[in-house]
Amino acid sequence: MEISRPEEKNNLMHKPVLLEESTDLLLGNKGTLYVDCTLGLGGHTKRVLQKNPKAFVIGIDRDEEAIELAKENLKEFEGRYTIYKADFADLDAVLEAEGIEQVDGFLFDLGVSMLQLKSERGFSFQINAPLDMRMDREQKLTAYKVVNEYPEKELARIIWEYGEERLSRKIARTIVQARKKKPIETTAELAKLVESVYPPKLRHGRIHPATRTFQAIRIEVNRELESLKIALEKTLDFLKVGGRLVVISFHSLEDRIVKNFLKEHSDKLKILTKKPITPSEEEVRDNPASRSAKLRAGERV
Ligand SMILES: C[S@@+](CC[C@H](N)C(=O)[O-])C[C@H]1O[C@@H](n2cnc3c(N)ncnc32)[C@H](O)[C@@H]1O
């Protein structure tokens, strides 16, 4: 099929996850000013603007390339949104720059977009590319540095904690031995090393042996968990009474942070999702990348 219009191409690059569920929850308070902390290609923002004609969205993303595509996707809504290239951990600086003290809701759709996964920026072991994995290409830390410069113990810790990988120590040792001979430069080299640690009968499981290690390194490079913790705390300073916090997470570590945050602040946030909302069978069939998504939401009281 020939894809001609950029908008069609963009839409194929990332399917927004739990789109209706998350934006319906966000807009349930009938507000007018929302912050999309993970703008991506603008899928969720677009629905917010479509569904609530009075809404204005402040979109934040630290990926320049995503922002360019979001602008394309949101063209028809010009004047109803503004976009910042920033880490969402700095959402206070963004809102202060806009002179905004209170908002009606924050949306977080965490992790990486398909645009990033399918790019040649080193996020995926399925695409051979230099080890990079930076969402923000201006930052200094890259996957290359983590893989080639971190001490073995630190590598093992990251792969264990962020990848929940049982073979973390062996993988770290193998990486360190290999890099003594020559730097590990590409996703394919790293994936092959990780795979070699797995006993042959475990190499063809449900997920590729390199999945967890790649996830761990990506989380480290982008400081994903730290940013999330900082940002969630900051939302409390800006949410109006009745304002909503809606978070879609994709792995257990993120979900735990969100769940604990909502629990810890039960004096300030009423939990709107007793159990996390997960994608329907139909959504998972249509978009397998959505399968691990969990949506939690709270309302400022
Ligand atoms: C799953 S995608 C969002 C997709 C978007 N909801 C859509 O429908 O197009 C996650 C996005 O969040 C961005 N992101 C992740 N962590 C971030 C952070 N700490 N600060 C700013 N942007 C971040 C990524 O660059 C990526 O574009």
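The following paragraphs describe the overall dimensions, strand pairing, ligand surroundings and selected local features of a predicted model.

The protein chain of this predicted model comprises 301 residues, for which a compact globule would have a radius of gyration near 19 Å, and the value of 20 Å computed for the chain agrees with that expectation. Taken along the principal axes, the C-alpha atoms fill a box of roughly 60 × 50 × 40 Å. The secondary structure amounts to 14 helices and seven strands, and 46% of the 301 residues count as buried. With regard to the contacts between residues at least 6 apart in sequence, 69% join residues that are at least 24 apart.

At the level of domains, the chain is divided into domain 1, which is made up of residues 6–115 together with 226–300, and domain 2, which spans residues 137–221. The centres of domain 1 and domain 2, taken over C-alpha atoms, are separated by 30 Å.

Strand E4, formed by residues 103–109, is mostly covered, in that seven of its seven residues are buried. Strand E4 is paired with strand E1 (residues 33–36) through three bridges, and these two strands run parallel; within this pairing, Asp36 stands opposite Leu107 of E4. Strand E4 is also joined to strand E5 (residues 239–249), in this case by six bridges and again in a parallel arrangement, with Gly105 placed opposite Arg244 of E5. Strand E4 thus has parallel bridges both to E1 and to E5.

The ligand is surrounded by 22 residues, of which the closest are Pro16, Thr38, Gly40, Gly43 and Asp63. In terms of residue character, the shell around the ligand divides into eight nonpolar, nine polar and five charged residues. Among the secondary-structure elements, helix H3 (43–51) and strand E2 (56–61) each supply at least two residues of this shell.

Two residues that are not glycines were found to have a positive phi, namely Glu164, with a value of about 50 degrees, and Arg223, with a value of about 45 degrees. Glu164 is located in the loop between helix H8 (152–161) and helix H9 (168–181), and it counts as partly exposed because 14 C-beta neighbours lie inside 10 Å, a count between the limits of 12 or fewer for an exposed residue and 20 or more for a buried one. Arg223 lies in the loop between helix H11 (211–221) and helix H12 (224–238); with 15 C-beta neighbours inside 10 Å, Arg223 is likewise classed as partly exposed.

A further residue examined individually is Ala188, which is found in helix H10 (residues 187–197). Ala188 has 16 C-beta neighbours inside 10 Å and therefore counts as partly exposed. Along the chain, Ala188 and Ile171 are 17 residues apart, and their C-alpha atoms are separated by 15 Å.

Notes. Residues numbered from 1 in each chain as written. Predicted model: local features only at pLDDT ≥ 70, side-chain atom pairs only at ≥ 80, totals over all residues. Helix = DSSP H or I, 4+ residues; strand = E, 2+ residues; numbered from the N terminus. Pairing = 2+ DSSP bridges. Rg over C-alpha atoms; globule rule 2.2 N^0.38 Å. Contact = placed C-beta atoms within 7 Å. Domains from an automatic or database assignment. Near = placed C-beta within 6 Å. Nonpolar A, V, L, I, M, F, W, Y, C, P; charged D, E, K, R; others polar.
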